[in-house]
Amino acid sequence: MSRRPVEHPSLYLPLKVFVRWVLMPLLTRTRVRGVENVPKTGPFFLVPNHQSVLDPMVVQAACPRTVHSMTKSTQFATPFMRWLLPRLGSFPTRRYRVDPQSVRVALRELARGRGVGIYPEGERSWDAELQPLRKGTVRLLLKAGVPVIPCGISGSYDVWPRWSKRPRRCPVRIQFGEPILFGAHDDRAAREAALPAATARIERALRQLIDAVDAEEPDEATRPAAGPDGVESWA
Amino acid sequence: MALHHVLYRCPSCGHDPLQGEGDRAWCTACEREFSRRRAGSTIHVSGGGASRKSPISKLIQQIEGHGGALTAAMGQDGFSIHYEARVLAQTADVDEPVRFRGQVLGFVEQLGEGEPGVLLIDDEALRFRPDGPGSEPQAWTLLGVRAVQSASSSIQISPEGGGVVVFRFESDSPVRWESLLKAAMQYAYTRAGLGTIQEFQPRIVSG
(Lines give C-alpha, C1' and ligand atoms only; values in the text may rest on other atoms or scores of the structure.)
Protein backbone atom coordinates (compact mmCIF):
# COMPACT_ATOMS: atom_id res chain seq x y z
CA MET A 1 0.00 0.00 0.00
CA SER A 2 1.49 3.39 -0.95
CA ARG A 3 1.61 6.11 1.66
CA ARG A 4 0.50 9.70 1.24
CA PRO A 5 3.27 11.59 -0.55
CA VAL A 6 5.06 14.35 1.40
CA GLU A 7 6.01 17.73 -0.07
CA HIS A 8 9.57 17.80 1.23
CA PRO A 9 11.66 14.65 1.45
CA SER A 10 12.64 14.36 5.10
CA LEU A 11 16.32 15.32 4.84
CA TYR A 12 16.01 17.79 1.96
CA LEU A 13 15.61 20.98 3.97
CA PRO A 14 18.28 20.16 6.61
CA LEU A 15 20.76 19.32 3.83
CA LYS A 16 19.80 22.45 1.92
CA VAL A 17 20.54 24.56 5.00
CA PHE A 18 23.86 22.76 5.52
CA VAL A 19 24.93 23.15 1.91
CA ARG A 20 23.90 26.80 1.73
CA TRP A 21 25.34 27.97 5.03
CA VAL A 22 28.30 25.65 5.60
CA LEU A 23 29.48 23.81 2.48
CA MET A 24 29.05 26.52 -0.13
CA PRO A 25 30.81 29.27 1.88
CA LEU A 26 33.72 26.86 2.41
CA LEU A 27 34.06 25.86 -1.23
CA THR A 28 32.79 28.80 -3.23
CA ARG A 29 31.75 32.41 -3.39
CA THR A 30 28.33 31.86 -4.93
CA ARG A 31 26.16 34.30 -6.83
CA VAL A 32 22.61 33.33 -7.79
CA ARG A 33 20.38 35.15 -10.24
CA GLY A 34 16.95 34.57 -11.71
CA VAL A 35 15.18 32.84 -8.81
CA GLU A 36 12.03 34.72 -9.82
CA ASN A 37 11.92 32.50 -12.93
CA VAL A 38 11.27 29.36 -10.87
CA PRO A 39 7.50 28.80 -10.71
CA LYS A 40 6.14 29.39 -7.22
CA THR A 41 3.62 26.57 -7.57
CA GLY A 42 2.97 23.70 -9.91
CA PRO A 43 5.20 21.26 -11.74
CA PHE A 44 8.36 22.17 -13.63
CA PHE A 45 11.56 20.67 -14.97
CA LEU A 46 14.86 22.18 -13.88
CA VAL A 47 17.56 21.57 -16.52
CA PRO A 48 21.05 22.72 -15.57
CA ASN A 49 24.31 22.19 -17.43
CA HIS A 50 26.63 19.80 -15.60
CA GLN A 51 30.21 20.68 -14.76
CA SER A 52 30.87 19.10 -11.39
CA VAL A 53 29.76 16.67 -8.70
CA LEU A 54 28.79 19.80 -6.74
CA ASP A 55 26.09 20.86 -9.19
CA PRO A 56 23.10 19.02 -7.69
CA MET A 57 23.92 20.35 -4.22
CA VAL A 58 24.49 23.96 -5.20
CA VAL A 59 21.61 24.15 -7.65
CA GLN A 60 19.15 22.63 -5.21
CA ALA A 61 20.42 24.88 -2.43
CA ALA A 62 19.93 27.90 -4.68
CA CYS A 63 16.52 26.89 -6.04
CA PRO A 64 13.62 28.30 -4.03
CA ARG A 65 11.52 25.13 -4.60
CA THR A 66 12.21 21.52 -3.75
CA VAL A 67 13.63 19.62 -6.71
CA HIS A 68 13.39 15.84 -7.11
CA SER A 69 16.50 14.85 -9.05
CA MET A 70 17.02 12.10 -11.55
CA THR A 71 20.35 10.64 -10.38
CA LYS A 72 22.61 8.03 -11.98
CA SER A 73 21.93 4.59 -10.57
CA THR A 74 25.55 4.02 -9.51
CA GLN A 75 25.05 6.65 -6.80
CA PHE A 76 22.65 4.20 -5.11
CA ALA A 77 25.26 1.44 -4.97
CA THR A 78 25.73 1.31 -1.18
CA PRO A 79 23.07 0.63 1.48
CA PHE A 80 23.74 4.03 3.04
CA MET A 81 23.20 5.94 -0.24
CA ARG A 82 20.13 3.84 -1.00
CA TRP A 83 18.80 5.03 2.37
CA LEU A 84 19.94 8.65 2.05
CA LEU A 85 19.23 9.65 -1.54
CA PRO A 86 15.44 9.04 -1.55
CA ARG A 87 15.24 11.19 1.59
CA LEU A 88 16.90 13.94 -0.44
CA GLY A 89 14.33 13.59 -3.20
CA SER A 90 16.57 11.68 -5.63
CA PHE A 91 15.51 8.73 -7.76
CA PRO A 92 17.75 6.47 -9.85
CA THR A 93 18.12 6.21 -13.60
CA ARG A 94 20.15 3.56 -15.37
CA ARG A 95 22.16 5.38 -17.99
CA TYR A 96 23.30 2.28 -19.81
CA ARG A 97 19.84 1.44 -21.09
CA VAL A 98 16.50 3.02 -21.81
CA ASP A 99 14.92 3.24 -18.34
CA PRO A 100 11.13 3.53 -18.42
CA GLN A 101 10.84 3.42 -14.61
CA SER A 102 12.79 6.66 -14.20
CA VAL A 103 10.49 8.28 -16.77
CA ARG A 104 7.43 7.03 -14.84
CA VAL A 105 8.80 8.40 -11.55
CA ALA A 106 9.59 11.77 -13.12
CA LEU A 107 6.07 12.04 -14.56
CA ARG A 108 4.59 10.91 -11.24
CA GLU A 109 6.39 13.68 -9.36
CA LEU A 110 5.27 16.23 -11.93
CA ALA A 111 1.68 15.00 -11.60
CA ARG A 112 1.97 15.77 -7.89
CA GLY A 113 2.85 19.36 -8.75
CA ARG A 114 6.55 19.04 -7.94
CA GLY A 115 9.78 20.12 -9.54
CA VAL A 116 12.05 17.53 -11.19
CA GLY A 117 15.74 18.11 -11.88
CA ILE A 118 17.42 16.49 -14.85
CA TYR A 119 20.82 17.12 -16.45
CA PRO A 120 20.30 17.01 -20.22
CA GLU A 121 24.00 16.44 -20.98
CA GLY A 122 23.70 13.14 -19.10
CA GLU A 123 27.08 13.36 -17.39
CA ARG A 124 29.63 15.87 -16.14
CA SER A 125 31.67 17.70 -18.73
CA TRP A 126 35.33 16.71 -19.05
CA ASP A 127 36.35 20.18 -20.23
CA ALA A 128 33.80 22.60 -18.70
CA GLU A 129 32.15 23.07 -22.11
CA LEU A 130 28.49 22.33 -22.77
CA GLN A 131 28.11 18.83 -24.23
CA PRO A 132 25.50 17.62 -26.73
CA LEU A 133 22.11 17.16 -25.08
CA ARG A 134 20.64 13.68 -24.77
CA LYS A 135 17.70 13.14 -27.04
CA GLY A 136 15.89 10.97 -24.51
CA THR A 137 15.90 13.81 -22.00
CA VAL A 138 14.45 16.26 -24.49
CA ARG A 139 11.79 13.70 -25.45
CA LEU A 140 10.78 13.49 -21.78
CA LEU A 141 10.53 17.29 -21.56
CA LEU A 142 8.32 17.32 -24.65
CA LYS A 143 6.10 14.54 -23.33
CA ALA A 144 5.57 16.15 -19.95
CA GLY A 145 4.57 19.57 -21.28
CA VAL A 146 5.44 21.42 -18.04
CA PRO A 147 7.54 24.59 -17.83
CA VAL A 148 11.24 23.92 -18.43
CA ILE A 149 13.57 26.13 -16.40
CA PRO A 150 17.07 26.20 -17.88
CA CYS A 151 19.81 26.82 -15.33
CA GLY A 152 23.29 28.01 -16.25
CA ILE A 153 26.13 27.10 -13.89
CA SER A 154 29.63 28.46 -14.25
CA GLY A 155 32.55 27.92 -11.95
CA SER A 156 31.68 24.59 -10.38
CA TYR A 157 34.17 22.94 -12.75
CA ASP A 158 36.81 25.30 -11.42
CA VAL A 159 36.00 24.23 -7.86
CA TRP A 160 35.99 20.48 -8.52
CA PRO A 161 36.55 19.19 -12.03
CA ARG A 162 35.70 15.62 -12.79
CA TRP A 163 39.32 14.52 -13.04
CA SER A 164 40.56 16.02 -9.78
CA LYS A 165 40.40 14.56 -6.30
CA ARG A 166 40.71 17.97 -4.68
CA PRO A 167 38.20 20.85 -4.55
CA ARG A 168 39.55 24.41 -4.46
CA ARG A 169 37.71 27.54 -3.53
CA CYS A 170 36.56 29.41 -6.64
CA PRO A 171 33.51 31.57 -7.46
CA VAL A 172 30.38 29.79 -8.69
CA ARG A 173 27.62 31.61 -10.54
CA ILE A 174 24.14 30.24 -11.11
CA GLN A 175 21.40 31.78 -13.19
CA PHE A 176 17.89 30.42 -13.59
CA GLY A 177 16.48 31.28 -16.99
CA GLU A 178 13.01 32.18 -18.15
CA PRO A 179 10.60 29.26 -18.45
CA ILE A 180 10.45 27.51 -21.80
CA LEU A 181 6.97 26.26 -22.66
CA PHE A 182 6.92 23.48 -25.24
CA GLY A 183 3.40 22.23 -24.53
CA ALA A 184 2.61 18.55 -24.12
CA HIS A 185 3.51 16.29 -27.06
CA ASP A 186 1.58 13.11 -26.33
CA ASP A 187 2.08 11.65 -29.76
CA ARG A 188 5.43 9.98 -30.45
CA ALA A 189 5.57 11.28 -34.01
CA ALA A 190 4.92 14.82 -32.78
CA ARG A 191 7.74 14.50 -30.23
CA GLU A 192 10.17 13.30 -32.89
CA ALA A 193 9.20 16.16 -35.18
CA ALA A 194 9.67 18.72 -32.40
CA LEU A 195 12.90 17.18 -31.09
CA PRO A 196 15.54 19.07 -33.14
CA ALA A 197 14.05 22.53 -32.53
CA ALA A 198 13.44 21.82 -28.83
CA THR A 199 17.00 20.56 -28.38
CA ALA A 200 18.41 23.64 -30.09
CA ARG A 201 16.26 25.92 -27.97
CA ILE A 202 17.37 24.41 -24.68
CA GLU A 203 21.00 24.41 -25.78
CA ARG A 204 20.77 28.05 -26.82
CA ALA A 205 19.17 28.98 -23.49
CA LEU A 206 21.88 27.18 -21.51
CA ARG A 207 24.67 28.78 -23.54
CA GLN A 208 23.17 32.23 -23.09
CA LEU A 209 22.84 31.73 -19.34
CA ILE A 210 26.40 30.41 -19.01
CA ASP A 211 27.73 33.32 -21.09
CA ALA A 212 25.70 35.78 -19.01
CA VAL A 213 27.11 34.56 -15.71
CA ASP A 214 30.63 34.38 -17.15
CA ALA A 215 30.38 37.95 -18.37
CA GLU A 216 29.41 39.29 -14.96
CA GLU A 217 32.77 39.15 -13.30
CA PRO A 218 35.99 38.70 -15.21
CA ASP A 219 38.11 36.64 -12.86
CA GLU A 220 41.86 36.70 -13.30
CA ALA A 221 42.18 33.18 -11.93
CA THR A 222 39.90 31.77 -14.61
CA ARG A 223 40.68 33.84 -17.68
CA PRO A 224 43.57 32.57 -19.76
CA ALA A 225 46.22 34.90 -21.08
CA ALA A 226 45.91 35.52 -24.80
CA GLY A 227 48.02 37.08 -27.49
CA PRO A 228 47.12 40.28 -29.40
CA ASP A 229 44.82 38.27 -31.67
CA GLY A 230 43.09 36.65 -28.66
CA VAL A 231 44.57 33.24 -29.48
CA GLU A 232 46.57 31.24 -27.01
CA SER A 233 49.79 30.05 -28.67
CA TRP A 234 52.83 27.99 -27.75
CA ALA A 235 56.20 29.64 -27.26
CA MET B 1 41.51 10.23 -11.43
CA ALA B 2 44.15 12.80 -12.27
CA LEU B 3 44.97 15.51 -14.81
CA HIS B 4 46.94 13.11 -17.02
CA HIS B 5 43.83 10.97 -17.42
CA VAL B 6 42.04 13.74 -19.27
CA LEU B 7 45.22 15.11 -20.90
CA TYR B 8 46.41 11.62 -21.76
CA ARG B 9 48.94 12.76 -24.38
CA CYS B 10 50.95 15.95 -24.68
CA PRO B 11 48.87 18.81 -26.15
CA SER B 12 52.07 20.50 -27.24
CA CYS B 13 54.15 17.84 -29.01
CA GLY B 14 51.64 14.95 -29.13
CA HIS B 15 53.85 12.54 -27.21
CA ASP B 16 51.83 9.63 -25.80
CA PRO B 17 51.38 9.07 -22.92
CA LEU B 18 51.63 12.11 -20.69
CA GLN B 19 52.93 11.28 -17.20
CA GLY B 20 51.31 12.73 -14.13
CA GLU B 21 50.09 12.67 -10.60
CA GLY B 22 47.13 14.47 -9.10
CA ASP B 23 46.64 17.91 -10.56
CA ARG B 24 50.00 17.90 -12.35
CA ALA B 25 51.13 16.29 -15.60
CA TRP B 26 54.35 16.42 -17.58
CA CYS B 27 55.75 15.36 -20.93
CA THR B 28 58.96 13.33 -20.99
CA ALA B 29 59.54 14.29 -24.65
CA CYS B 30 59.23 18.09 -24.79
CA GLU B 31 59.49 18.57 -20.98
CA ARG B 32 56.44 20.80 -20.73
CA GLU B 33 54.49 20.73 -17.49
CA PHE B 34 50.75 21.16 -17.07
CA SER B 35 49.20 21.96 -13.73
CA ARG B 36 46.11 23.19 -12.02
CA ARG B 37 46.90 26.03 -9.62
CA ARG B 38 43.39 26.94 -8.60
CA ALA B 39 40.57 26.98 -11.20
CA GLY B 40 40.09 23.59 -12.84
CA SER B 41 39.28 25.05 -16.24
CA THR B 42 42.59 26.92 -16.50
CA ILE B 43 45.78 24.93 -16.80
CA HIS B 44 49.21 26.47 -16.29
CA VAL B 45 51.69 25.39 -18.92
CA SER B 46 55.40 25.78 -18.35
CA GLY B 47 58.55 24.65 -20.07
CA GLY B 48 60.13 25.37 -23.41
CA GLY B 49 61.12 28.80 -22.19
CA ALA B 50 57.58 30.06 -21.54
CA SER B 51 54.85 29.93 -18.98
CA ARG B 52 51.23 30.68 -19.67
CA LYS B 53 47.66 29.72 -18.90
CA SER B 54 45.34 27.87 -21.25
CA PRO B 55 41.72 26.69 -21.04
CA ILE B 56 41.62 22.95 -20.57
CA SER B 57 39.12 22.72 -23.42
CA LYS B 58 41.75 24.11 -25.79
CA LEU B 59 44.37 21.60 -24.59
CA ILE B 60 41.90 18.77 -25.19
CA GLN B 61 41.30 20.10 -28.72
CA GLN B 62 45.05 20.12 -29.31
CA ILE B 63 45.20 16.47 -28.25
CA GLU B 64 42.50 15.69 -30.83
CA GLY B 65 44.54 17.61 -33.38
CA HIS B 66 47.46 15.25 -32.76
CA GLY B 67 45.21 12.27 -33.46
CA GLY B 68 43.64 11.77 -30.04
CA ALA B 69 43.48 8.22 -28.78
CA LEU B 70 43.88 6.61 -32.19
CA THR B 71 47.57 7.21 -32.88
CA ALA B 72 48.82 4.92 -30.12
CA ALA B 73 46.23 2.30 -31.02
CA MET B 74 46.96 2.09 -34.75
CA GLY B 75 48.72 -0.97 -36.02
CA GLN B 76 51.70 -1.04 -38.37
CA ASP B 77 49.37 -1.02 -41.37
CA GLY B 78 48.08 2.41 -40.32
CA PHE B 79 44.43 1.56 -40.02
CA SER B 80 43.82 -1.51 -37.86
CA ILE B 81 43.29 -0.94 -34.14
CA HIS B 82 45.03 -2.80 -31.35
CA TYR B 83 45.36 -1.47 -27.83
CA GLU B 84 45.29 -2.91 -24.33
CA ALA B 85 45.31 -1.89 -20.66
CA ARG B 86 44.98 -3.46 -17.25
CA VAL B 87 41.52 -3.20 -15.71
CA LEU B 88 39.24 -4.48 -13.02
CA ALA B 89 36.10 -5.84 -14.70
CA GLN B 90 32.69 -6.13 -13.04
CA THR B 91 29.46 -7.46 -14.46
CA ALA B 92 25.86 -6.83 -13.47
CA ASP B 93 23.22 -9.18 -14.81
CA VAL B 94 20.53 -8.22 -12.31
CA ASP B 95 18.98 -4.87 -11.37
CA GLU B 96 17.64 -4.43 -7.86
CA PRO B 97 14.65 -2.18 -7.09
CA VAL B 98 15.01 0.87 -4.87
CA ARG B 99 11.86 1.21 -2.77
CA PHE B 100 10.80 4.21 -0.73
CA ARG B 101 7.56 4.85 1.13
CA GLY B 102 5.88 1.90 -0.51
CA GLN B 103 6.81 2.80 -4.09
CA VAL B 104 9.53 1.69 -6.50
CA LEU B 105 11.76 4.66 -7.22
CA GLY B 106 13.85 2.85 -9.77
CA PHE B 107 16.45 0.18 -10.29
CA VAL B 108 20.16 -0.16 -9.52
CA GLU B 109 22.57 -2.57 -11.17
CA GLN B 110 24.12 -5.11 -8.79
CA LEU B 111 27.77 -5.37 -9.74
CA GLY B 112 29.59 -8.61 -8.97
CA GLU B 113 33.11 -9.05 -7.64
CA GLY B 114 35.77 -7.28 -9.65
CA GLU B 115 38.10 -9.47 -11.70
CA PRO B 116 41.56 -8.13 -12.64
CA GLY B 117 42.86 -8.71 -16.13
CA VAL B 118 43.72 -7.14 -19.48
CA LEU B 119 41.24 -5.34 -21.70
CA LEU B 120 42.03 -5.39 -25.41
CA ILE B 121 40.38 -3.65 -28.29
CA ASP B 122 40.77 -4.48 -31.97
CA ASP B 123 38.83 -3.89 -35.17
CA GLU B 124 36.24 -6.51 -34.37
CA ALA B 125 35.75 -6.72 -30.64
CA LEU B 126 36.45 -5.68 -27.10
CA ARG B 127 38.14 -8.57 -25.27
CA PHE B 128 38.85 -9.26 -21.62
CA ARG B 129 41.58 -11.69 -20.58
CA PRO B 130 41.27 -12.32 -16.81
CA ASP B 131 44.32 -13.03 -14.71
CA GLY B 132 42.77 -15.96 -12.88
CA PRO B 133 43.94 -19.31 -14.30
CA GLY B 134 40.45 -20.82 -14.21
CA SER B 135 38.65 -17.82 -15.69
CA GLU B 136 37.44 -17.77 -19.27
CA PRO B 137 38.34 -14.88 -21.57
CA GLN B 138 35.35 -12.86 -22.76
CA ALA B 139 34.71 -10.93 -25.95
CA TRP B 140 32.03 -8.50 -27.10
CA THR B 141 31.80 -7.70 -30.80
CA LEU B 142 31.83 -3.98 -31.52
CA LEU B 143 28.60 -4.33 -33.48
CA GLY B 144 27.01 -6.13 -30.54
CA VAL B 145 27.67 -3.41 -27.94
CA ARG B 146 24.37 -1.69 -27.20
CA ALA B 147 25.61 1.38 -25.28
CA VAL B 148 28.86 2.99 -24.09
CA GLN B 149 29.34 5.53 -21.38
CA SER B 150 31.96 6.79 -18.99
CA ALA B 151 31.33 6.79 -15.25
CA SER B 152 33.88 8.25 -12.82
CA SER B 153 37.15 6.44 -13.61
CA SER B 154 35.61 3.65 -15.65
CA ILE B 155 33.75 2.91 -18.83
CA GLN B 156 30.55 0.88 -19.00
CA ILE B 157 29.23 -1.11 -21.89
CA SER B 158 25.86 -2.71 -22.37
CA PRO B 159 26.45 -5.92 -24.30
CA GLU B 160 24.05 -7.77 -26.52
CA GLY B 161 21.88 -9.91 -24.27
CA GLY B 162 21.52 -7.33 -21.51
CA GLY B 163 23.26 -6.34 -18.32
CA VAL B 164 26.23 -4.03 -17.99
CA VAL B 165 29.99 -4.53 -17.81
CA VAL B 166 32.18 -1.97 -16.03
CA PHE B 167 35.92 -1.61 -16.65
CA ARG B 168 37.96 0.32 -14.09
CA PHE B 169 41.43 1.19 -15.32
CA GLU B 170 44.42 0.58 -13.08
CA SER B 171 46.44 3.41 -14.58
CA ASP B 172 45.27 4.16 -18.12
CA SER B 173 42.88 6.95 -19.01
CA PRO B 174 39.14 6.20 -19.20
CA VAL B 175 38.84 9.29 -21.43
CA ARG B 176 41.27 7.71 -23.90
CA TRP B 177 39.43 4.41 -23.81
CA GLU B 178 36.00 5.96 -24.25
CA SER B 179 37.31 7.89 -27.25
CA LEU B 180 39.02 4.79 -28.66
CA LEU B 181 36.03 2.52 -28.17
CA LYS B 182 33.67 4.99 -29.80
CA ALA B 183 36.03 5.47 -32.76
CA ALA B 184 36.45 1.69 -33.18
CA MET B 185 32.69 1.19 -33.06
CA GLN B 186 32.19 3.91 -35.64
CA TYR B 187 34.69 2.23 -37.97
CA ALA B 188 32.88 -1.08 -37.46
CA TYR B 189 29.50 0.48 -38.21
CA THR B 190 30.86 2.19 -41.31
CA ARG B 191 32.43 -1.06 -42.60
CA ALA B 192 29.13 -2.84 -41.98
CA GLY B 193 27.18 -0.14 -43.86
CA LEU B 194 25.24 0.82 -40.74
CA GLY B 195 25.86 4.56 -41.03
CA THR B 196 27.04 7.11 -38.50
CA ILE B 197 26.50 6.56 -34.80
CA GLN B 198 24.59 9.53 -33.45
CA GLU B 199 24.24 8.50 -29.82
CA PHE B 200 26.15 6.05 -27.64
CA GLN B 201 23.82 6.04 -24.66
CA PRO B 202 21.37 5.02 -23.37
CA ARG B 203 21.53 2.97 -26.56
CA ILE B 204 23.43 3.10 -29.84
CA VAL B 205 21.48 5.01 -32.44
CA SER B 206 22.84 5.13 -35.96
CA GLY B 207 21.54 6.53 -39.19
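Strands here are DSSP runs of E at least two residues long, helices are runs of H or I at least four residues long, and both are numbered from the N terminus. Everything in these views comes from a predicted model.

**View 1. Chain A, the whole fold.** Chain A carries seven helices and seven strands. Walk along its sequence and you read α-β-β-α-β-α-β-α-β-α-β-α-β-α. Of its 235 residues, 53% are buried. Take the contacts in chain A with a separation of 6 or more, and 73% of them come from residues 24 or more positions apart. The accessible surface of this chain is about 10800 Å², with carbon and sulfur atoms contributing 58% of that.

**View 2. Helix α1 of chain A and its kink.** Here we zoom in on residues 12-27 of chain A, which make up helix α1. The helix bends by about 40°, and the kink is centred on V19(A). V19(A) is also one of the buried residues of α1(A), in the company of Y12(A), K16(A), M24(A) and L27(A). So what lies over this buried set? The cover includes three helices of chain A, namely α2 (55-62), α3 (79-87) and α6 (156-159). Strands β1 (28-33), β3 (67-72) and β7 (170-176) of chain A are also part of the cover.

**View 3. Helix α4 of chain A, with a neighbour from chain B.** Helix α4(A) covers residues 100-111, twelve in total. From first C-alpha to last it reaches 16 Å, close to the 16 Å expected at 1.5 Å a residue. Its buried residues are Q101(A), S102(A), V105(A), A106(A), E109(A) and L110(A). Within chain A, these buried residues pack against strands β2 (44-48), β3, β4 (91-93) and β5 (115-117), plus helix α5 (135-144). Chain B joins in too, with its strand β8 (103-109) packing against them.

**View 4. A111(A) and what follows α4(A).** A111(A) sits in helix α4 of chain A. Is this alanine buried or exposed? A111(A) counts as exposed because its relative accessibility is 69%, and the bar for exposed is over 50%. For a sense of scale, the C-alpha of A111(A) is 36 Å from that of P171(A), a residue 60 positions away along the chain. After α4(A) comes G113(A), a glycine with a positive phi near 85°.

**View 5. A128(A), a positive phi outside glycine.** Most residues other than glycine have a negative phi. A128(A) goes the other way, with phi near 75°. You'll find A128(A) in the loop between β5 and α5 of chain A.

**View 6. Chain B, the whole fold.** Chain B has 16 strands and four helices. Its C-alpha atoms fill a box of roughly 60 × 50 × 40 Å along the principal axes. There are 207 residues, and 51% of them count as buried. Of the contacts in chain B with a separation of 6 or more, 44% are between residues 24 or more positions apart. The accessible surface of chain B is about 9000 Å², and 49% of it belongs to carbon and sulfur atoms. As for charge, the chain has 20 positive and 24 negative charges, whose mean positions lie 11 Å apart.

**View 7. Two cis peptide bonds in chain B.** Most peptide bonds are trans. The bond joining D16(B) and P17(B) is cis, with omega about 5°. P17(B) belongs to the loop between α1 (3-6) and β1 (19-21) of chain B. Another cis bond links Q201(B) to P202(B), this one with omega about 10°. P202(B) is in the loop between β15 (197-199) and β16 (205-206) of chain B.

**View 8. E31(B) and G47(B), a loop meeting a strand.** Look for E31(B) in the loop between β2 (24-26) and β3 (33-36) of chain B. E31(B) isn't a glycine, yet its phi is positive, about 65°. E31(B) is exposed because its relative accessible area is 63%, over the 50% cut-off. Which residues does G47(B) touch, leaving aside its neighbours within four places in sequence? They are E31(B) and R32(B). G47(B) itself lies in strand β4 (42-47) of chain B. With a relative accessible area of 25%, G47(B) is partly exposed. The C-alpha atoms of G47(B) and C27(B) are separated by 9.7 Å, and the two residues are 20 apart along the chain.

How values were computed: Residues are numbered from 1 along each chain as its sequence is written. Chains are lettered from A and ligands numbered from 1 in the order in which they are written. This is a predicted model: local features need pLDDT of at least 70, side-chain atom pairs count only at pLDDT 80 or more; totals for chains, interfaces and linings use all residues. Side-chain values use heavy atoms; hydrogens and water are left out. Buried means under 20% relative accessible area, exposed over 50%, partly exposed in between (1.4 Å probe, protein chains only). Contact means heavy atoms within 4.5 Å. Accessible areas come from the Shrake-Rupley method with a 1.4 Å probe; for residues, only the protein chains shown count as cover. Lys and Arg count as positive and Asp and Glu as negative; His and the chain ends are not counted. The place of a charge is taken as NZ of Lys, CZ of Arg, CG of Asp or CD of Glu. The bend at a residue is the angle between axes fitted to the seven residues ending there and the seven starting there. The expected span of a helix is 1.5 Å times one less than its number of residues.
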